[in-house]
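Good morning, colleagues. Please have the sequence and the structure open before you, as I shall refer to both throughout.

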Amino acid sequence: MMKRPTTGGMSRRTFLQVSATGVITVSALGGFAGRASAAPYDKAFTWISPRGTLEVLDDFPFWAGKKQGYFEGLDVEMQPGPSDGTATVKFVDVGQADMGFPSPGVFSFALQNGMKLKSVFHMGALDTFSIAFRKGEGSNDLKKLEGKTILLGSAAWQSIVDPMLFAQGVDVTKVKYVEAGWPTWATALQAGQGDAALSWEGLRAEWIAKGLDFEYWLGVQHSKLPANTFVVRAADLEDPDKKAYLEKYLKGWAMGLQFGYLNPRAAVEAVFEQFPTLATNLGPELGTSSILEQINVFRGDMAKRGGWGWHDMSSWQDFFNVVYKLGQIKTEVKAEDVCTNELIKPANSYDAAKVQADADGYKLTDAFQKVDVEKIKSTMFDQAIK
């Protein structure tokens with residue numbers, strides 16, 4: 001089990017149990033029962049992962065930004081969170097974390113369960129999610145998954161897969177899901193325990209490092225739905241001090257994203273320095289492959305975006321329409337009511353020349369200097385089903 005560096009004292013999440021409906025109860029350590037007020041930002045501002053671990057390359061903008069000093073002056077903390085896919089919204093809702101990173105499906109779960117959250121920085125401009133198949137068994141016609149079994153790491157991930165399949169014309173009532181556990185759902189697919197499995201960009205390269213070589217229906221090629229986003233309590237946007245803090249914090253992420261885009265190998269090094277085990281497991285080439293997959297998702301078509309984190313409201317509205325038709329939410333949602341671009345201009349108002357100079361001036365280690373970025377880009381989609 002990974003151990004996370006703490007800011008001192010006991011982690012806030014240590015005290016909590018989260019029920020399936022989002023109710024928070026207190027352990028024997030004492031405290032409150034029910035819902036809590038928002039944590040003030042004069043404590044460490046806490047971002048919580050949706051995947052139960054931080055030992056991945058997905059969060060490279062933070063680690064690269066931290067290394068370059070882009071979060072200087074901010075008291076911030078990264079939490080792995082429980083592996084329950086919905087914890088990333090539940091903990092924000094009750095004030096035990098300040099920002100979560102849910103998939104759109106989990107975000108819709110939060111809205112359906114009355115959580116007053118708002119998306120403020122859309123990381124996944126393209127659909128990061130994919131369907132993995134054993135080689136020779138996949139199809140770009142996802143209707144062929146009707147009657148088949150899809151493996152998931154968490155049962156909550158069904159809220160990710162159902163909209164993706166539904167948008168491709170699949171009758172999701174004819175698809176069976178099996179929770180095969182984190183991080184074992186991929187090995188379960190390889191062992192023949194299901195017909196397909198959920199995956200995402202960046203993870204494909206990590207699976208190769210583990211000897212898990214599949215073929216993929218790729219959302220980045222076939223889906224118009226959005227992917228994971230940063231959410232906060234809606235009330236925090238009404239507080240001028242908290243809103244100003246969020247702008248500074250998101251500026252750090254935007255700078256980290258730009259730095260990684262300009263020098264992806266340097267961004268991988270920053271993550272590897274934070275997590276040596278990940279470095280050992282992946283190595284420079286697969287690490288760079290993973291981050292390039294994610295940069296493609298995070299950046300999208302920047303010519304059509306208002307900067308890093310900008311929401312395409314039409315894409316989000318399409319998603320909310322899909323999940324409403326599915327019955328995943330019972331009330332229609334207007335994208336503009338739950339997603340906002342009001343923090344995007346401040347977040348992107350960084351010194352671009354400084355980030356460029358940081359990226360250009362970074363001294364790569366010998367191992368990373370040998371990695372051919374352009375060659376990796378040319379083969380990035382070789383695992384896609386032909």
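How many aromatic pairs does the structure hold? In this predicted model, the number is 31. Let me begin with one of them, formed by Phe62 and Trp63, which meet edge-to-face, with 4.9 Å from centre to centre and 85° between the planes. Both of these residues are buried. Phe62 also pairs with Phe71: the ring centres are 4.8 Å apart and the planes stand at 45°, so this pair is tilted. Phe71 is buried, as is Phe62. These three residues belong to one aromatic cluster, which also includes Phe45, Trp47, Phe101, Tyr245 and Trp253.

Rings also meet charged groups in this model. The charged end of Arg299 is placed over the ring of Tyr261, at 3.9 Å from its centre. Arg204, for its part, lies over the face of Tyr216, with 5.7 Å to the ring centre.

Tyr216 brings us to the sheet. Where in the sheet does strand 11 (215-218) stand? The sheet is open and is formed by 5 strands in the order 9-8-10-7-11, with mixed pairing. Strand 11 stands at an edge, as does strand 9 (176-179); each has a single partner strand, so one side of each is left without a neighbour in the sheet. On average, and with direction ignored, neighbouring strands here are turned by 35° against each other.

As a reminder, the side chains of a regular strand alternate between the two faces of the sheet. In strand 11, Glu215 and Trp217 lie on one side and Tyr216 and Leu218 on the other; all are buried, and both faces of the strand are covered.

Strand 7 (residues 129-133) pairs with strand 11 in the antiparallel sense, over 4 bridges. Within that pairing, Ala132 has Tyr216 as its bridge partner. Strand 7 is also joined by 4 bridges to strand 10 (residues 196-200), and those two strands run antiparallel. There, Ser130 is partnered by Ser199. Helix 4 (residues 158-167) lies across strands 7, 8, 9, 10 and 11, and runs at about 90° to strand 7.

Next, a point about the backbone. Most peptide bonds are trans. The bond from Trp182 to Pro183, however, is cis, with omega near 0°. Pro183 is placed in the loop between strand 9 and helix 5 (185-190).

I turn now to the packing of two helices. At what angle do the axes of helix 1 (residues 60-68) and helix 9 (residues 264-274) cross? They cross at roughly 90° and come within 8 Å of each other. Helix 1 is therefore roughly perpendicular to helix 9. The contact is made by Phe60, Trp63, Ala64, Lys66 and Lys67 of helix 1 with Ala267, Ala270, Val271, Glu273 and Gln274 of helix 9. Trp63, the edge-to-face partner of Phe62, thus appears again at this contact.

Finally, consider Phe319, in helix 11 (residues 313-326). Is this residue buried or exposed? Its relative accessibility is 2%, so Phe319 counts as buried. Leaving aside residues up to four places away in sequence, Phe319 touches Pro104, Gly105, Ser108, Pro163, Leu225 and Pro226. Phe319 and Ala335 are 16 residues apart in sequence, and their C-alpha atoms are 9.0 Å apart in space.

Thank you for your attention.

Technical notes:
Residues are numbered from 1 along each chain as its sequence is written. This is a predicted model: local features need pLDDT of at least 70, side-chain atom pairs count only at pLDDT 80 or more; totals for chains, interfaces and linings use all residues. Side-chain values use heavy atoms; hydrogens and water are left out. Rings of Phe, Tyr and Trp (its six-membered ring) pair if their centres lie within 6.5 Å; planes under 30 degrees apart count as stacked, over 60 as edge-to-face and the rest as tilted. Buried means under 20% relative accessible area, exposed over 50%, partly exposed in between (1.4 Å probe, protein chains only). A charge sits over a ring if NZ of Lys or CZ of Arg is within 6 Å of the ring centre and within 35 degrees of the ring normal. Two strands pair if DSSP finds at least two bridges between them. Axes are lines fitted to C-alpha atoms, for helices over the stretch in contact, and angles run from 0 to 180 degrees between N-to-C directions. Contact means heavy atoms within 4.5 Å. Angles under 35 degrees count as roughly parallel, over 145 as roughly antiparallel, 65 to 115 as roughly perpendicular and the rest as oblique.
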